[in-house]
Structures are given as C-alpha cells and as structure tokens.
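Please read the following report alongside the sequence and the coordinates, which are shown first. The text then takes up a few local features in turn.

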Amino acid sequence: MNRVLAQRHDRSLLDDRKGYRKIELNYRKNKEQDNTAMMDRLAAEFRYDDCRDRYWNPEMFSLLYGTPLWEQADSGQRVKLNQLYWAAYYSQIISAEIATIFFNQTSAAGLYTIEDFRIVCDTLDLESAQERAHINVFKKISEDFEEAVFGERIFTYPMRGPYTETMIYAKTNMAKSLWRKLQLNAYTLLSSNSAFIGCQYFAVRGVRTLNGKLIQHQLSQFYFKDPDQEHAPIPLKVSYYHFRDESFHFNSSTVISHEVLNSLKEPTPFEKWVANQGLRGSQSDHYHFSTAINGLFWYDPALYPKIYKILRSPVFGMSDNEARLMMVACFAEESEGMHASAKSRQIAIDSYREYLAGLKYVDQTNKEMAIMRRNSVAQHLTTNRHELRRFFRRIEIA
Ligand SMILES: [Fe+2]
Ligand SMILES: [Fe+2]
C-alpha cells in the first residue's frame, strides 16, 4: 500500500511482514503441488473390483478394531471392516469440508475488508476448490463400495448443506439441531462482517483439523510405505494425496489464527465472546469418542442402527440375537479398541491445548479444554450401556 495513503487506514496485512511472507509461501507451494487433477483422475479410475480384497488403511484403522467383533472376524470380514472405516472416516470428512468451503467464503468476505488481504482470500479460494475435489473422490469411492457390498447406504449420504450438524453421528435431537442451525447462521453473518471473527474462525478450523491431521498422517503412511506404490489400491493414494493438500490447509489455519490475527485491531468484548463460543462448540463436538471408529468423535449410540445393520448384513450374517450379544460385547464392555479410541482423544486434547496456548483472547475453559476433559472411559461405558438398552427396546417396537 502507498505510504501516504497508509495514514488513512487503520491496519494492513503488510504491517506484519513475517506473517505475510509465510502466507505467500504457503499459497505458492500449495499451488505448485496442487493435487486436484490427480484427485479427479483417481475418482474416474476407481473400480471397487480392483481392490475389493485389499486393506485400505493400516489394520488398526478398521471399524471396531480391538473389540470382540474384530477378534472373531475372519480375514474376509476384517477386510470389509477395514474398508468400512475408510468410507465412514471420509464421510465425516466430507461433512467437515462442506462446512469449510462455506466458512472459507464468509471469512474471506470479512477479511477482504482490510488492506492487502487479497493473498489470504486467494489462499482460501484455492483451498475451497481443492475441498470440492476431495469431496468428489471420497464420495465416489465410499458410495461405490457401499453399493457393491451392502446394496445400500451405510455411512454415506446424499449431498448436504453447511447448516446441518458437522458431526454426522452426534448426540443430538430436533431442538439441538435447530439451535445449531441458528448458531451457524449467526456465525456466518458475524464472520463476514468482522475481520476478527473471520480470522478467528481459523483457530476453530485449526483445532478441528488438528485431530484430522494426527489420524490422516497415519492413513497416508500406508501408501507412503507400500513397497509397490504403483499397484496400490486407489483409496490409499487418495489418503496420501489428501493429506498432502491438507498439510497446507492446516498451515494456513495456523498462520492466519496466530500471526495474521496480530495485524488486526484488538477485538471488542463481544467479538471475544463469539470467538470463545466457537471454540466451545468444537469442544462439545469433540466431547465423545467412538469405540467403533478410532479417531472420530462420533457418539456411539448414534451409530447403533448402522452397526446393527452391518452385523445383520450378509457380510456377518448374524441373527437378531447374535447381533445384540455382539453389540453388548463391543459397546458395553471395556476393550482394547475402546481404550485406543480414548487415547486418541486424549492426544487430541493435549494438542488442542498446545495450539491455543499463545492466543490472548481464549478463555480458561477453552485453553484448558475443560469441557472435553469431563468425559472418561467410565462415563463412556455408562452412557453406552444405558443407550444400548434403549436401542434394543426401540428395535423391538419397530
Ligand atoms: Fe480436504
Ligand atoms: Fe482442508
């Protein structure tokens, strides 16, 4: 910006040269490495038959891994549990990325009101276009897989909008969903109207993707370490190239929420309050951990109908009674899998705390992750046992 004119403006992104350079470098590198065309090619080339008998993730990233179901499953069933994890995991990522595309846009609208923020907005445009390619390939593979194996949807869903619950298996009800919708509407207006809220959204995005980064790094390594990468199943390649795009996204979240934020005026008390509400929402969304799927904060009881359906499907061929007994063994008793999921969540809590530690406007409840820390394995078991009884009563009536 022209120096004379500069006096007429409050702030500019160029006030923080270091932050600007970081954003610029991240944008340039992401553009150079952009995997969008590759993702589209992988989606077009995917044929379930080519990789129907292969693992798509490291073994520990299988549905209900480390539970009695996994222990007694034969090798063919284990392959399906492994592929189900892929479809479930990326179905959640699709939902998160639909929300990301939307809030990238509303936040960019807020940030574009400040001098020299074009580079940040261009970064967000590139990321949104990449997310669309990610969603497309996740959807194609997961839907083809479910159609071929189950003949119906299990974890996938038709295209949805950004105002629905981001966690697809959350503890919710009609009133809560409506409240969430109202909150999202309000946040949309606020983020497009306040540069601070727009910028702070990236602290929320950073926290929300931090856990994804921890898990997706492990998923990507399955391809990276494959001695025969050329013939590796397409879902492995997707995990790998997705992680490479996401590393840039995570980086931009961090720079925008930690450094670019310093180029802005001090937030008002109201802006601080809104910012902390956003982080509290993330804590609530990440309150539960799932025995069925390590690394996603799904609410197990919301998954019971799906698990029951899988157990009754030809893949496992269980009777009603066998399926119930198996669900009790998996969800109402401690297992290696349950503890592994609890441990992943603990790692997430520790990394969130570290991520937010240096941000001045963040209050103690968020800095300490106090809401998330209230849950425990004992609490998880009590809820699962209680809700499992209710679920069994419901299917009896139905
Ligand atoms: Fe993505
Ligand atoms: Fe992303």
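What follows describes the metal sites, the aromatic pairs and one serine of this predicted model.

**The two iron sites**

The iron ion (ligand 1) is held by Glu97, through two OE donors, together with Glu131 (OE), His134 (ND1), His242 (NE2) and Glu246 (OE), at distances of 1.9 to 2.8 Å. Along the chain these donors follow the spacing E-x33-E-x2-H-x107-H-x3-E. Within this site, Glu131 in helix α6 and His242 in helix α9 link distant parts of the chain, being 111 residues apart, and both Glu131 and His242 are buried.

The iron ion (ligand 2) is coordinated by Glu131 (OE), by Glu246 through two OE donors, and by His249 (ND1), at 2.0 to 2.4 Å. The donor residues of this second ion are spaced E-x114-E-x2-H in sequence. Here the pair of Glu131, in helix α6 (residues 118-150), and Glu246, in helix α9 (residues 234-258), again links distant parts of the chain, with their positions 115 residues apart.

The values for the two sites can be set side by side as follows.

| Ion | Donor atoms | Donor distances | Donor angles |
|---|---|---|---|
| iron ion (ligand 1) | 6 donor atoms | 1.9 to 2.8 Å | 52 to 177° |
| iron ion (ligand 2) | 4 donor atoms | 2.0 to 2.4 Å | 57 to 159° |

Why is the arrangement around the iron ion (ligand 2) irregular? Four donors count as tetrahedral only if all angles lie between 85 and 135 degrees, and as square planar only if opposite donors are over 155 degrees apart and all others between 65 and 115. The 4 donor atoms around the iron ion (ligand 2) subtend angles of 57 to 159°, and therefore the arrangement is irregular. The site of the iron ion (ligand 1), with its 6 donor atoms at angles of 52 to 177°, is irregular as well.

The two ions lie 3.7 Å apart, and Glu131 bridges them. Is this bridging residue, Glu131, buried or exposed? Glu131 has a relative accessibility of 3% and therefore counts as buried, and Glu246, at 12% relative accessibility, counts as buried too.

**Aromatic pairs and a charge over a ring**

The structure holds 31 aromatic pairs. One of them joins Phe46 and Trp56, whose ring centres are 6.1 Å apart and whose planes stand at 80°, so the pair is edge-to-face. Phe46 and Trp56 both belong to the loop between α3 (36-45) and α4 (68-72), and they are 10 residues apart; each of the two, Phe46 and Trp56, is buried. Phe145 and Phe150 form an edge-to-face pair as well, with 6.3 Å from centre to centre and 90° between the planes, and Phe145 and Phe150 are likewise buried.

These four residues, Phe46, Trp56, Phe145 and Phe150, belong to one aromatic cluster, whose other members are Tyr48, Phe61, Tyr85, Trp86, Tyr89, Tyr90 and Phe138. A ring also takes part in another kind of arrangement, in which the charged end of Arg160 sits over the ring of Tyr157, 4.7 Å from the centre of that ring.

**Ser220**

Ser220 is placed in helix α8 (residues 195-224), and because its relative accessibility is 1%, Ser220 counts as buried. A polar atom of the Ser220 side chain lies 2.8 Å from the backbone oxygen of His217. If neighbours within four places in sequence are left aside, Ser220 is in contact with Ser239, Tyr240 and Phe243.

Methods: Residues are numbered from 1 along each chain as its sequence is written. Chains are lettered from A and ligands numbered from 1 in the order in which they are written. This is a predicted model: local features need pLDDT of at least 70, side-chain atom pairs count only at pLDDT 80 or more; totals for chains, interfaces and linings use all residues. Side-chain values use heavy atoms; hydrogens and water are left out. Donors are N, O and S atoms within 2.8 Å of the metal (3.2 Å for Na, K and Ca); water is not among the atoms, so sites may look incomplete. Helices (H or I, at least four residues) and strands (E, at least two) are DSSP runs, numbered from the N terminus. Buried means under 20% relative accessible area, exposed over 50%, partly exposed in between (1.4 Å probe, protein chains only). Rings of Phe, Tyr and Trp (its six-membered ring) pair if their centres lie within 6.5 Å; planes under 30 degrees apart count as stacked, over 60 as edge-to-face and the rest as tilted. A charge sits over a ring if NZ of Lys or CZ of Arg is within 6 Å of the ring centre and within 35 degrees of the ring normal. A polar contact is a pair of N or O atoms within 3.5 Å; within protein, one must be able to donate a hydrogen and the other to accept it, and residues adjacent in sequence count only if both atoms are side-chain atoms. Contact means heavy atoms within 4.5 Å.
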